[in-house]
Structures are given as structure tokens and as C-alpha cells.
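Me: I should like to go through the structure below and ask, for each description, what justifies the term. Please set each value against the criterion and then conclude.

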Amino acid sequence: MEQYIIKGGNPLVGEVEIGGAKNAALAILAAAIMTDETVTIENIPDVNDINVLLEAIEGIGAAIQRIDRHSVKINGSGIRDFNIEYDYIKKIRASYYLLGALLGKYKKAEVALPGGCNIGSRPIDQHLKGFRALGAYVDIEHGKIIAEADRLKGSHIYFDVVTVGATINVMMTASMSEGLTILENVAKEPHVVDVANFLNSMGADIRGAGTDVIKIRGVSKLHSTTYSIIPDQIEAGTFMFAAAATRGDVTVMNVIPKHLEATIAKLVEMGCEVEEFDDAVRVVSKGDLRKTHVKTLPYPGFPTDMQPQIGVTLALSRGTSTITESIFENRFKYLSELARMGAKVKVEGNSATIEGVKALSAARVSAPDLRAGAALVIAGLATDGVTIVDDIMYIQRGYERFEEKLASLGAVIERVSTEREIQKFRLRVS
Ligand code: UD1
């Protein structure tokens, strides 16, 4: 088991290159099997979730050729197996995008039913509702979703909740269903738009992605393409809050500032200076930070995936802040870890009250999930003393070379796996 060990107290300063968006890449890699021609995808982040999905895709017979660390060629012509095993779904829920992709292309798919996860119960009823509306028979048997259709026909679908996953999954299937599909009350996240752009570059006819209504005219075949994935707004935002919490000066490079507006607005309210460039954003944090109130919402609202990072920063900001988590029911676990570092927090249902303290104290804490883990690293960086973050496999699911990027900004952080390495680190920094 690996840990991060951090000697905090240094402001982060410098420039950091942001990678491709993990959540866009997961959907795009799944969608790439929808043609028998070879698809080249660039700017893929080299993180564990992506590698697991590529294994799942290879496992059903697609050919995967790694070109370099961030590019891959996929050819789906050899797919003979339409069954995605529980092992993959358990490791990475987003393997369920293969359900929409396989169903659209082959009219048949079997994917293990994902369970809940560390941040909540996460139902998939809206995905299934969409597939059924397109004419698929969908059954759940022996822990599997079995979807099959003689013909898939366009339909008018109104989602009951705004969901990124169902919007993307149903959009993929609809792009190879006959006739017109209209999806209403869809998610507008940048990665929904990226998946639509990707499918269009393969010959799909999808309009309106990024608005509340997506219209899709089905096509019978998709073709080869070369596509580069958008920058990861959550990775970028994580470094922006790390800059704020450590009173640093960080420029995130290779980003789309428009995708970061909710984050930028909160940083400004909290007293940071934020400068936007064409493809970079600079965050300067001087003096005291101020409280604010946050409610997570679908895009363009404040992202739930950035909630722990702002939560940690608010724990170090003057005044009493509140956070309302309106997307997932169980996303405050990091606050009890943060309380062990001296944060003053109170959680009631989906709301948290955070009374800022002058300083946190270093402690050994556990990453409860991906984003919460990154947030606890931020807490460690902003705290004098030596913090150890356990269970960093969660962080490695979604952040490429996290400790290297932080170290390049002046952080003192190492990945260790033995008590001996921990002792050595302590001796070195003491
Ligand atoms: C995606 C992201 C995740 C992010 C989330 C919200 C990926 C791989 N993951 O997750 O990082 O936190 O969007 O921005 O892209 N819901 C239903 N029924 C459904 C589907 C969803 O009730 O069929 C509910 C969920 O429980 C949740 C809300 O809708 O309360 C939003 O979920 P959704 O947008 O689907 O999240 P994911 O796509 O799973």
C-alpha cells in the first residue's frame, strides 16, 4: 500500500501543465469501438481508471495500440464478446459506457450492474430508461444488465435528473439508432460536448450538446477519426485550490478557462487574484482567505468533483462557510479526516458548516475517494509538519504524476510504501 508523505508549509509557485480530461477520455475510449475502422485518440491522461478501461476494451476483442503515454489507436472490428465482467465495473464504474457503445453498434450488450460507491448509491435507472425508449429490451439478471434490440429507433427522451452518465450513454446508442432522437434535460458538462464532438468526427449527427436539448440523427455506420481530448477541468481546479490554500501563485497551463468559471468565481469571492489567459489561468493567493457559501450543481454550477478541494480551502479561510452537496449523498467523508487535522466542521445531511481556523495540524489521514484524497493532500501542503495520506490508490485513479507536478511547484511530497521510507523522509525534512 502506498502513501503520500508531505512536509507542508511551502506556498506552491510556478506553472503546471494540465492533462486530458479523465471523464471525457473514459467515454470517448468506449465510443471508439463503435466503428470497425481505426480510431486515434490523443491527450489521454495516463491514470489508472483509463488503463483499466483499455483492458476491458481489449478483453472483448478490440485491438489497442499504445502510440505513446497519451495516445492510443483502437480498432473495434475484432469484437466478438459483448459481455463486460463485474471485475471491470467494480474497479471502474465508467466501463458502463461500453453498454451504450456495444448496444448502438451490435444491438446487444451485457454489462455487470455497477453497485454503489464511496460517494453514494449511484442508480443507473436513467441510462436504462433511455435504452428502453430506443427500443432495447433491458433486463437485470444475475447481477448483469442485459440489453438487446432487433432494431433501435430514435425516440423523445426526457431525463428525470440531470445526469452526465446517462446523457453520454444514451447519446452513444442513439447515434446508431434509426431516425431522430431528442434528449431533454441533459447534462451540459464540457465532457458531454467533447463526446458529442468526437462522435461527430466519426460521422455521427449530434447537435445541441452543451445545451439542455440534444438532437441526434442516427447513422448506420461510423468511421475512423483522430481526436484530441479536452483538458481536465477538475485536475486544473485541484491545482488552483492548492495554490489558494498554500497562499501560492500557480498558473495552470493548457486549460479552457471557460470550463473553470465556477471555480474562478469562488476563488475570487474567497479573496484570490485570478488572471485568465487564452489557455491558462493564474491564481495568486495573498493574505487571509475569506469564507464563502457553495452549492454543488450540474455544469455550469460548481462541480461536485471540486467540493472536497474547496472544502479544505474553506477550512483555512476566515469566517464560517457552508457547503451544500446536491449531487451525491455521501461526499463529506473527508471532513472527518480533516477534523482530525483540527478543522472545525459540522455535517448535517447534505450540508456542511466549516468554521475557518488559522492553521491545521499535520496528521495521518486516509483518502476516502479520488477527489477527497486530492483535497487531503492539499490540506497537508497547507499545514506545517508532516502529513501522511493513506489509500492513495484512489488518487492515482484520476491524477497523473500528481506528486511530481506538485513537487515541480515547490511541494515537498513523496510516494512511499514502507515505514522505513516514512522514517527516512521524516529525518530528511526535520
Ligand atoms: C460523472 C462523473 C463524476 C461526477 C459526476 C457529476 C464520470 C466518469 N464521472 O458521474 O466524476 O462527479 O458526473 O458531475 O464522468 N442519477 C440517477 N439515475 C441515473 C444516473 C444518475 O438518479 O440513472 C443521479 C446520481 O445518483 C447523481 C446525479 O444523478 O445524484 C448525477 O449523476 P451523474 O451525472 O450521472 O454522475 P456520473 O455520470 O455517474
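The exchange below concerns a predicted model and takes up its sheet, burial, salt bridges, ligand contacts and backbone angles.

Me: What makes β2 and β16 the edges of the open sheet?

Reply: The sheet has 4 strands in the order β2-β15-β17-β16, with mixed pairing. β2 (13–17) and β16 (273–276) each have a single partner strand, so one side of each is left without a neighbour in the sheet. From one strand to the next, the twist averages 15 degrees.

Me: How do you know that β2 pairs with β15?

Reply: Pairing requires at least two bridges between the strands. β2 is joined to β15 (residues 249–253) by 5 bridges, and the two run parallel; the criterion is therefore met. One of the bridge partnerships is that of Val 13 with Asp 249 in β15.

Me: Which strands does helix α8 lie across, and at what angle does it run to β15?

Reply: Helix α8 (residues 233–245) lies across β2, β15 and β17 (280–284), at about 170 degrees to β15. Helix α9 (residues 261–269) also packs on the sheet, where it touches β16 and β17, and its direction makes about 145 degrees with that of β16.

Me: Why is Asp 49 called buried?

Reply: The term buried applies under 20% relative accessible area. Asp 49 has 5% relative accessibility, so it counts as buried. This residue is found in helix α2 (residues 48–59). Leaving aside residues up to four places away in sequence, it touches Lys 22, Leu 26, Lys 91, Ile 92 and Arg 397.

Me: What makes the pair Lys 105 and Asp 36 a salt bridge?

Reply: A side-chain nitrogen of Lys or Arg must lie within 4 Å of a carboxyl oxygen of Asp or Glu. For Lys 105 and Asp 36 the N to O distance is 2.8 Å, so the pair qualifies. It links distant parts of the chain, 69 residues apart: Lys 105 is in helix α4 (residues 97–106), and Asp 36 is in the loop between α1 (22–31) and β3 (38–42).

Me: Are these two partners buried or partly exposed?

Reply: Lys 105 counts as buried at 15% relative accessibility, whereas Asp 36 counts as partly exposed at 44%.

Me: How do you know that Arg 151 and Glu 178 tie together separate parts of the chain?

Reply: Their closest N and O atoms are 2.6 Å apart, and they form a salt bridge. Arg 151 lies in the loop between β9 (144–148) and β10 (156–158), and Glu 178 in the loop between α6 (164–174) and β11 (180–184), so the pair ties together parts 27 residues apart in sequence. Arg 151 is partly exposed at 49%, and Glu 178 is partly exposed at 40%.

Me: Why is Arg 318 called exposed, and what term applies to Asp 288?

Reply: Exposed means over 50% relative accessible area. Arg 318 stands at 53%, so it counts as exposed; Asp 288, at 39%, counts as partly exposed. The side chains of Asp 288 and Arg 318 meet in a salt bridge with an N to O distance of 3.3 Å.

Me: How many salt bridges does the structure hold, and which residues are linked in a network?

Reply: There are 27 salt bridges in the structure. Asp 46, Arg 69, Glu 400, Arg 401 and Glu 404 are linked in a network of them.

Me: What makes the ligand's approach to Asp 125 a polar contact?

Reply: The criterion is a pair of N or O atoms within 3.5 Å. A ligand nitrogen is 2.8 Å from an N or O atom in the side chain of Asp 125, so the criterion is met. A ligand oxygen is likewise 2.8 Å from a side-chain N or O atom of Thr 163, and a ligand oxygen lies 2.5 Å from a backbone N or O atom of Ile 327. In total, 20 residues surround the ligand.

Me: Why are Asn 43 and the bond from Tyr 299 to Pro 300 singled out?

Reply: Most residues other than glycine have a negative phi, and most peptide bonds are trans. Asn 43 is not a glycine, yet its phi is positive, about 60 degrees. The bond from Tyr 299 to Pro 300 is cis, with omega near 10 degrees.

Methods
Residues are numbered from 1 along each chain as its sequence is written. This is a predicted model: local features need pLDDT of at least 70, side-chain atom pairs count only at pLDDT 80 or more; totals for chains, interfaces and linings use all residues. Side-chain values use heavy atoms; hydrogens and water are left out. Axes are lines fitted to C-alpha atoms, for helices over the stretch in contact, and angles run from 0 to 180 degrees between N-to-C directions. Contact means heavy atoms within 4.5 Å. Buried means under 20% relative accessible area, exposed over 50%, partly exposed in between (1.4 Å probe, protein chains only). A residue is near a molecule or strand if one of its heavy atoms lies within 4 Å of it. A polar contact is a pair of N or O atoms within 3.5 Å; within protein, one must be able to donate a hydrogen and the other to accept it, and residues adjacent in sequence count only if both atoms are side-chain atoms.
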